[in-house]
Amino acid sequence: MTGQAEVLRKVVARGYNISPEALSLLLEQENDVLEDLLDLIPDKAVIELQDLRDALERMRRRAQREAHLPGGEVDSLKVIRIPTNLGVKGTPDEFVEFMRKRFRFLKSVLAKKNGVDPIPISNLLNSTSRDGDRVLIVGMVLEKRVLRDFSIRMQVDDETGSIPVIFKKGGRYWEKADRIPVDSVVAIRGTFRRGRIYADSFRLPDINGELIEPASASGKVALISDIHMGSKYFNQEAFDRFVRWLGSDGARDVRYLVICGDLVDGVGVYPSQEDELKIADVYKQFRLASSFLERIPKDVRVVYIPGNHEPVRQAEPQPVVPDEYLNSLLEVRPDLMALPNPALVGIGDVRLMIYHGRSLNALFKHIPGLQPIRPETVVEAMTWMLRLRHLAPIYGEHPISPEREDWLLLDQVPHVLHTGHIHVYGVGEHNGVKVVNSGTFENETPYIKSLGIEVTVGKAILLDLRNLGVEVKDFSS
Ligand SMILES: [Fe+2]
Ligand SMILES: [Fe+2]
C-alpha cells in the first residue's frame, strides 16, 4: 500500500488524471508494481476504473506467461532456450561482430571434430616456404563459382585472411562441394600452392549422432503450422476436423499442440494481400483463431511461435506476438505458451526445436539438387540446417537481426526439429535428429501456384514422445 499523495504524483507525472474509483483501486496495489501497471494503461486523459482493471488483468496474464520462461516449468513442458534481450541497432559493426561470433563457434565445433587446430589463412598467405604443404583451414565460404574447366572456386575467409579454394572437376568431393551454400563454415583439407588451396576434402559442422542421448516422455505432441486464418484460402473444414479429432477418444494421448507460425494470415504481408483476405482485420483473425483454440481440450498444452505472417517484427529471431493480439487467445487459453521464433523447448527429456522456417526459401534457392519442392526435398533442406548447425545459414535472403547472441545457431542439438513455412510437409531423420515440416491448412494460393509448388493441406504430424515415432494424420477430407 502506498500513500495517496505519492500515487497521485506518479499518475500526474505521466500526464494522466484519474477517477476517484480508479484511484482507490490503485491505492490497493503494491508499491513496486505501480510503474509497471501504469505502463500498461493506454494513453488517455483520465484513467477510469475499467482501464485499471484491464491493466491488472494484463499484468496477471503476463506474470502467468513469465512463469513459463526459462527456469519455470509447467507439467513436463519447459523452455530450454529462447531469444531474450532482443534489440540492436543493426549497425554494420554489429553485423560484423555477429558473423564473427557465429564463425568462432562453428570453428570450435570443426576443430574438435578434426582433432587438430586449423592453420590461420594469413599464415599461409604470408609464407613463401609452404608451397606444396598439406594444410587444414576452417573458413566461411564468401563466394562460390564454377570455372570454365568446371572446377569449383570458393573464396574462403577466416578472421585473419581470405584465400581461393579450388575443387577440381572429377575430384571425389567435387559434387559435394558444389552443394555447399555461401556463408557456410567449413573445414577444408588440401594442398597449398601459389596462394591457393587445391582441396581434396572438406567437412561441415554437422551434428553428430553420438551427441544425441536417447530421450522419451509420455504422450504425443501434434505438430502443425501455417493455418493462415483470415485468408480466403484457409481450409476451415480441414482445421475444424482436426480440432474435433483432438477432442475425440482417438486423440486421448495427445498432450501437446505446437503451432509453428503463420497461425493468422496477417495484413500487409505482401503487396495486394487484401485481395486474398476474407478477414482484413488482424484482431478479428486472432479472434477466429481463439474460437478454434477454445474448443481444444484443456489438458492439451498449446505452444505457439510467430511466423512471417504474424503482426510482430519480421527480422529473425522474432519476439513473442504482442499482447494486444495475443489477448484473445489468452482469454480462452490462459496457459498458452506463446514463445519467440525460434524456441527450444523440452518435453520430459526430449528437446524440440521449433522454428518457423523462413530460411527454407534461401536453402531451396542456393543448394543445387533441392528443386522442385516436395516432401523429400523439404527434409533434405532441413537437413542442411543440421549440417551447417544453423537455422538460417544463408545470409541476406530474409531479415536477420544481428543480436548479441546468435539465437539461430544450433548449439544444443535437438531431438526433433520442427519447421513450417514452405507449405509442403516432410518427415525424415538426419543423424538421429527427427525433422518434421508440418505443411499447411491453407489451400493453394495463386502465388504458391505460380511457383509450381504442390502444397500439403490439412495434415497434422503426431510425434510419439515415448519413442519419437511419427504418424501423419490427414484431415483434408
Ligand atoms: Fe505460411
Ligand atoms: Fe511463413
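These questions and answers walk through some helices, loops and single residues of a predicted model.

Q: Which residues of helix α8 are buried, and how many faces of the helix do they line?
A: Helix α8 covers residues 236-246, and its buried residues are Ala238, Phe239 and Phe242. Looking down the axis of α8, these buried residues fall within an arc of 95 degrees, so they line one face.

Q: Which elements do the buried residues of α8 pack against?
A: We have just met these residues: Ala238, Phe239 and Phe242. Their packing partners are one element at 282-293 and another at 459-464. By name, those elements are α9 and β19.

Q: Are α9 and α10 roughly parallel or roughly antiparallel to each other?
A: Helix α10 is made of residues 323-332, and its axis is 8 Å from that of α9. The angle at which the two helices pack is about 15 degrees. Angles under 35 degrees count as roughly parallel. The two helices, α9 and α10, are therefore roughly parallel.

Q: Is the crossing of α9 and α10 left-handed or right-handed, and how do the residues of their contact divide?
A: As α9 passes α10, the crossing is right-handed. From α9, residues including Val282, Phe286 and Leu293 take part in the contact, and among those they meet in α10 are Tyr325, Leu329 and Val332. Sorted by kind, the residues of this contact are 8 nonpolar, 2 polar and 2 charged.

Q: Where do the buried residues of α10 lie, seen down the helix axis?
A: The buried residues of α10 are Tyr325, Leu326, Leu329 and Leu330. Seen down the axis of α10, they fall within an arc of 135 degrees, so their place is one face of the helix.

Q: Is Pro340 buried or exposed?
A: Pro340 sits in a loop, the one between β13 (337-338) and β14 (343-347). Leaving aside neighbours within four places in sequence, its contacts include Ile82, Ile305 and Pro317. A residue needs 20 or more other C-beta atoms within 10 Å to be buried. Pro340 has 22 such neighbours, so it counts as buried.

Q: Why does Val303 count as buried, and which residues is it in contact with?
A: Val303 belongs to strand β12, residues 301-305. It counts as buried because it has 24 C-beta neighbours inside 10 Å. Leaving aside neighbours within four places in sequence, its contacts are Tyr256, Val258, Ile259, Met337, Leu339, Val345 and Ile354.

Q: Which residue does a cis peptide bond join to Asn341?
A: Here is some background: most peptide bonds are trans. The bond in question has an omega of about 0 degrees and is cis. The residue that Asn341 is joined to lies in the loop between β13 and β14. That residue is Pro342.

Q: What is omega for the peptide bond from Gln371 to Pro372?
A: Pro372 is found in the loop between α11 (360-366) and α12 (375-387). The bond that leads to Pro372 from Gln371 is cis, and its omega is near -10 degrees.

Q: What is phi of Arg194, and is this residue buried or exposed?
A: The loop between β8 (185-193) and β9 (196-203) holds Arg194. Its phi is positive although the residue is not glycine, with a value near 45 degrees. There are 7 C-beta neighbours inside 10 Å, so Arg194 counts as exposed.

Q: How does Asn431 count, judged by its C-beta neighbours?
A: Asn431 is in the loop between β17 (426-430) and β18 (433-437). It is a residue other than glycine with a positive phi, near 45 degrees. With 15 C-beta neighbours inside 10 Å, it counts as partly exposed.

Q: How far apart in space are Met385 and Leu410, C-alpha to C-alpha?
A: Met385 is part of helix α12, and it is buried, with 26 other C-beta atoms within 10 Å. Not counting residues up to four places away in sequence, Met385 touches His390, Leu391, Pro393, Leu410 and Leu417. Leu410 is 25 residues from Met385 in sequence, and their C-alpha distance is 8.3 Å.

Key:
Residues are numbered from 1 along each chain as its sequence is written. Chains are lettered from A and ligands numbered from 1 in the order in which they are written. This is a predicted model: local features need pLDDT of at least 70, side-chain atom pairs count only at pLDDT 80 or more; totals for chains, interfaces and linings use all residues. A residue is buried if 20 or more other C-beta atoms lie within 10 Å of its own, exposed if 12 or fewer, and partly exposed in between; C-beta atoms are placed from the backbone. Helices (H or I, at least four residues) and strands (E, at least two) are DSSP runs, numbered from the N terminus. The arc is that of the directions from the helix axis to the C-beta atoms. Two residues are in contact if their C-beta atoms, placed from the backbone, lie within 7 Å. Axes are lines fitted to C-alpha atoms, for helices over the stretch in contact, and angles run from 0 to 180 degrees between N-to-C directions. Angles under 35 degrees count as roughly parallel, over 145 as roughly antiparallel, 65 to 115 as roughly perpendicular and the rest as oblique. A crossing is left-handed if the near helix is turned anticlockwise from the far one by less than a right angle, and right-handed if clockwise. Ala, Val, Leu, Ile, Met, Phe, Trp, Tyr, Cys and Pro count as nonpolar, Asp, Glu, Lys and Arg as charged, and the others, Gly among them, as polar.
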